[in-house]
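The following note sets out numbered points on pockets, cavities, cores and two individual residues. Please read them beside the sequence and the model.

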Amino acid sequence: MFTQTADQDLLGNTTAQYLEARYPPSRVRELARQDETFDGTLWKQGAEFGWTTPLVPEHAGGGSVSGNGLADLLAVTFQFGRHAAPGPLIGTNVVAAALGRWGSTELHAGPLAELLDGGATAAWGHSPRTGGRAGAQVRAARSGDRVVLDGTVPCIERGGPNGYLLVAATGPDSATGDGARSHFLVPLGAPGVETTPLDSIDLTRRYQAVTLQAVAVPVTARVGEPGTADAHDAALLDISAVLQAGEIVGATHRAFELTLRWTNDRYSFGRPLGSYQEIKHRMADLRTQLEASAAVTEKAARLVGTGRADARTWASTAKAYVGRVGPEAIQDCVQLHGGIGVTYEHDLHLYLRRALVDAQLFGTPAYFTERLVRLVEAAVADGGRA
């Protein structure tokens, strides 16, 4: 699924075989009992497969196998969802995309090279204010040739020991005036950076809150022009929405496969469970939801990856729809399994957990629905042009 070319097939199939061998359900359950789930050696192998380069231009060390890096990466995120695999795939790629697009060729070449070769991971400190919950709040103050950052980021995914945080900070700026927001790349090991582990229902990914207390970084740590963080965050949000939707589709696809096999193998009153009309209808509904989710996600990846004018509308649609429908569909799969579906020993909950977390990070389905409404209203006010 999500592959249109032979090279994309190779990337997707290689990733599938690698994750199947390294992260079968039994291994996922083992990781659930461990404090740390990140494996630097395995992550570096994934970087060699091409997990970290698709969103970065060739001149910056990246490269796409099809001409649309987001569509390429979608094939990888689909497999991560199918296997509930660990690793900061989305965060690292979002930050790599930011450095490749807006970073300085000289100043950010080192961190970007580390991300591309798997030597480091990264997290995007974007956390919108939704549902009454506070979002990321970081303030910057100029001190000579350095910038001092103070604030909090409620949630980021934990990666390797050598990691970076891309965060937007508000503060006085001579070029744009007070209140401008700019992006800064902060080493997570820098003095003043404090992290607090967070509980998560995802069994293989670990998350943490970040507090920045007088963290001093050079002015050259700024990514992009002063005051451009709002516009850049919107572009990165499009990317993350598509990739999260791809993971949710992958998790839903695996849950559907398990349920289809169950309804064919399970006998009730001398007949396969799947032979009953009500079960047929429910499986047909699930298949329709899965295909619709895949279709809207694929189109969003194609448009965002090629820079179409209406790309943001489709990215918002993908996260709003898939983020709601995916977890609901997997819940239906659990119900169709009966009592065994709600046991820890069954594998369904592994994929439900991944889908639920992906649906909440970087904005809930409700948040993206509101974003979509604003985009449509703006298009109507502009005479129908998206």
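1. Helices here are DSSP runs of type H or I with at least four residues, numbered from the N terminus. The model is a predicted one. Under that numbering, Arg 371 belongs to helix H11, which spans residues 365–381.

2. Is Arg 371 buried or exposed? Arg 371 has a relative accessible area of 7%, and it is classed as buried because that value falls under the 20% limit. Beyond residues up to four places away in sequence, Arg 371 touches Ala 234, Leu 237, Asp 238, Arg 312 and Ser 316.

3. A second residue to examine is Ser 293, which is located in helix H8. Ser 293 is likewise buried, its relative accessible area being 5%. A polar atom of the Ser 293 side chain lies 2.8 Å from the backbone oxygen of Gln 289. When neighbours within four places in sequence are set aside, the contacts of Ser 293 are Val 249, Tyr 321, Val 322 and Val 325.

4. The largest nonpolar core comprises 85 residues. Those touching the most other members are Trp 51, Leu 70, Val 95, Leu 115, Trp 124, Ile 239 and Val 242. Helix H7 makes the greatest contribution to this core, with 13 residues. Another core, of 20 residues, lies apart from it and includes Val 153, Leu 165, Val 186 and Ala 190.

5. Leu 115, one of the core residues just listed, merits a closer look. Which residues does Leu 115 contact, leaving aside neighbours within four places in sequence? They are Thr 52, Thr 92, Val 95, Ala 96, Leu 99, Ala 120, Thr 121, Ala 122 and Tyr 164. Val 95 is thus both a contact of Leu 115 and a residue in the list for the largest nonpolar core.

6. The largest pocket has a volume of about 560 Å³. Its lining consists of 30 residues, and those nearest the centre are Ser 127, Cys 155, Gln 360, Leu 361 and Phe 362. Two or more lining residues come from each of helix H5 (89–102), strand E1 (121–124), strand E3 (146–157) and helix H10 (348–360). Strand E3 supplies the largest share, 4 residues. Sorted by class, the lining holds 16 nonpolar, 9 polar and 5 charged residues.

7. For the second largest pocket, the volume is about 390 Å³. Arg 101, Val 304, Gly 305, Thr 306 and Gly 307 are the closest to its centre among the 24 lining residues. At least two residues of this lining come from each of helix H4 (69–83), helix H7 (229–265), helix H8 (277–306) and helix H9 (311–336). The class composition is 11 nonpolar, 8 polar and 5 charged residues.

8. How many cavities of 30 Å³ or more are there? The count is 4. The largest cavity contains about 70 Å³ of space. Its lining is formed by Tyr 18, Tyr 23, Thr 37, Phe 38, Asp 39, Leu 42, Trp 43, Trp 51, Phe 80, Pro 86 and Gly 87. These lining residues divide into 8 nonpolar, 2 polar and 1 charged. Trp 51 therefore deserves a second mention, because it lines the largest cavity by having an atom within 4 Å of a cavity point, and Trp 51 is also listed for the largest nonpolar core.

Note on methods. Residues numbered from 1 in each chain as written. Predicted model: local features only at pLDDT ≥ 70, side-chain atom pairs only at ≥ 80, totals over all residues. Heavy atoms only, no water. 1 Å grid on protein atoms, 1.4 Å probe; cavity = no way out; pocket = protein on both sides within 12 Å on 5 of 7 lines; lining within 4 Å. Points joined across faces, edges and corners; volume = space filled by probe spheres on them. Nonpolar A, V, L, I, M, F, W, Y, C, P; charged D, E, K, R; others polar. Buried < 20%, exposed > 50% of the residue type's maximum accessible area, 1.4 Å probe, protein only. Polar contact = N/O pair within 3.5 Å; in protein donor to acceptor, adjacent residues only side chain to side chain. Contact = heavy atoms within 4.5 Å. Core = buried A, V, L, I, M, F, W, Y, C linked by side-chain atoms within 4.5 Å.
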